[in-house]
Amino acid sequence: MREYLFVMVVAAAITFLTTPLVRWLAVRTGAMTAVRDRDVHVVPIPRLGGVAILLGFLGAVLLAWRLPFLGGYVEGRVAAESVFSDGRMTGVVVGAVLVCLVGAVDDVRELDWLTKLAGQVLAAGIMAYQGLQLLSVPVFGQTVLPLAVMIALTILVVVVTTNAVNFVDGLDGLAAGIVGIAALTFFTYSYVVSMSYNPPNVFSSATLISAALVGCCAGFLPHNFHPARLFMGDSGALLLGLLLAAATISMTSLDPTQVGMAAGRSTAVLAWMPLVLPLAILSLPLLDVVLAVVRRTRAGIRPWHPDAHHLHHRMLRAGHSHPHAVLLLYLWAAIVSVGVLAVAMFDGWIPVIAVAAAVLVAFYLTFSHRSSLDRQTL
């Protein structure tokens, strides 16, 4: 745990300290978000924050590579089995750099949607080629499909996740906070499950990616929360989505048989967790994507054409202040992700009752006419 905490702190520190420099670079290169009809900010804001997030992630990975257990160093020698013993982390790093570069170019020059999609597919393909790919699907036990099908599913997961995060990036701090909550949930699940192995082995790529992602989001949020001094831009949204997808895919390598025996839960339940948990965590962004596609298709416009009818726009029109809307969406994301994890990991009705109570509180806060915070803000 100490090495993971070290990774989180370093990722947060590098991201936090490099963000002002990236902001200066964004201003100098003209990477500015102009005020548009669908936007909620009232003055142009620099974007390109994904570069700082990338630097934080790369710094965390470099640190992990030199740590005793994560790096696999035992008495000065490299162990045969470590997080870096195969090419998966290399694929993640290359994919992260590539997708952040595509997003950064878009932040400065605004690429067309097809070019950005091609960059996402290429980054996902590199990760799959390096071994970070879905190994099986929890249907009829653990079903192993042909390699080409699994690679195609891997690329699909990456593309859907990156675009879901990109869609939800509409309010100050929203995407970074939701991804941070998701990464923390992934980290908890992966670490607890790995601890239950016999013998325990908590050092995995899924846990490392999640830990670094938690740190990156924590380091960026102070600059990005309302009122934001820097937007993450497509460079950040695409990067966070790719890293979240990488953590998701890495979790499929966990052995559900060992997990079920050690944790006292049925193998079938825990076998589904690597699929159900990401869907639960990303339920809000994915819902936003589905609603946007349906809404725009029915209106006769292209699905990727932007508008001002996302979930966060609706919350603002319902009377919530900017920070209150963001905090409420954090709450919903936490309830869904932590709730699914708690129900899966613990027996009895207590987790179910706790989640139901949290949902009622969140429902009241979301749909009550105006909270005291809204009145103070107004």
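Which residues are exposed on the other side of H14? They are Ile350, Ile353, Leu360, Tyr364 and Phe367. The model discussed here is predicted.

**Overall make-up**

The chain contains 15 helices and four strands. Of its 378 residues, 51% are buried. Among contacts with a separation of 6 or more, 74% join residues that lie 24 or more positions apart.

**Helix H14 and its two sides**

Helix H14 covers residues 350–367. With 18 residues at 1.5 Å a residue, H14 should span 26 Å, and its end C-alpha atoms are indeed 26 Å apart. The buried residues of H14 are Pro351, Ala362 and Thr366. These buried residues are on the same side of H14, because they cover an arc of only 35 degrees around the axis.

Two of the names above recur in the surroundings of leucine 328, a residue of helix H13 (residues 322–345). The C-alpha atom of leucine 328 is 7.3 Å from that of alanine 362, although 34 residues separate the two along the chain. Setting aside neighbours within four places in sequence, leucine 328 is in contact with Met315, His320, Leu365 and Thr366. Leucine 328 has a relative accessible area of 3%, so it is buried, the cut-off for that class being under 20%.

**Helix H1 and its two partners**

A pair of packed helices is described by the angle between the axes and by the distance between them. H1 (residues 2–29) packs with H7 (residues 205–224) and also with H2 (residues 50–66).

| Pair | Angle | Distance between axes |
|---|---|---|
| H1 and H7 | about 35 degrees | 7 Å |
| H1 and H2 | about 150 degrees | 7 Å |

The crossing of H1 and H7 is right-handed. On the H1 side this contact is made by Tyr4, Val7, Met8, Ala11, Ala12, Thr15, Phe16, Thr19 and Pro20. The residues that H7 contributes include Leu208, Ala211, Ala212, Gly215, Gly219 and Phe220. Sorted by class, the contact of H1 with H7 has 14 nonpolar, six polar and no charged residues.

The crossing of H1 and H2 is right-handed. Here Phe6, Val7, Val10, Ala11, Ile14, Thr15, Thr18, Thr19 and Val22 of H1 meet a set of H2 residues, among them Val51, Leu55, Gly56, Gly59, Ala60 and Leu63. The contact of H1 with H2 comprises 13 nonpolar, five polar and no charged residues. Val7, Ala11, Thr15 and Thr19 of H1 take part in the contact with H7 and in the contact with H2.

**Helix H11**

Helix H11 (residues 283–298) has 16 residues and reaches 22 Å from its first C-alpha to its last, close to the 22 Å expected. Its buried residues are Leu284, Pro285, Asp288, Val289, Ala292, Arg295 and Arg296. Why are they on the same side of H11? The reason is that they cover an arc of only 140 degrees around the axis. After H11 comes glycine 300, with a positive phi near 80 degrees.

**Threonine 33**

Strand E1 (residues 32–33) holds threonine 33. This residue counts as buried because its relative accessibility is 6%. Threonine 33 and isoleucine 45 are twelve residues apart in sequence, and their C-alpha atoms are 5.2 Å apart in space.

Definitions and conventions:
Residues numbered from 1 in each chain as written. Predicted model: local features only at pLDDT ≥ 70, side-chain atom pairs only at ≥ 80, totals over all residues. Heavy atoms only, no water. Axes fitted to C-alpha atoms, helices over the stretch in contact; angles between N-to-C directions. Left-handed = near helix turned anticlockwise from the far one by under 90°. Contact = heavy atoms within 4.5 Å. Nonpolar A, V, L, I, M, F, W, Y, C, P; charged D, E, K, R; others polar. Expected span 1.5 Å × (residues − 1). Buried < 20%, exposed > 50% of the residue type's maximum accessible area, 1.4 Å probe, protein only. Arc of directions from axis to C-beta.
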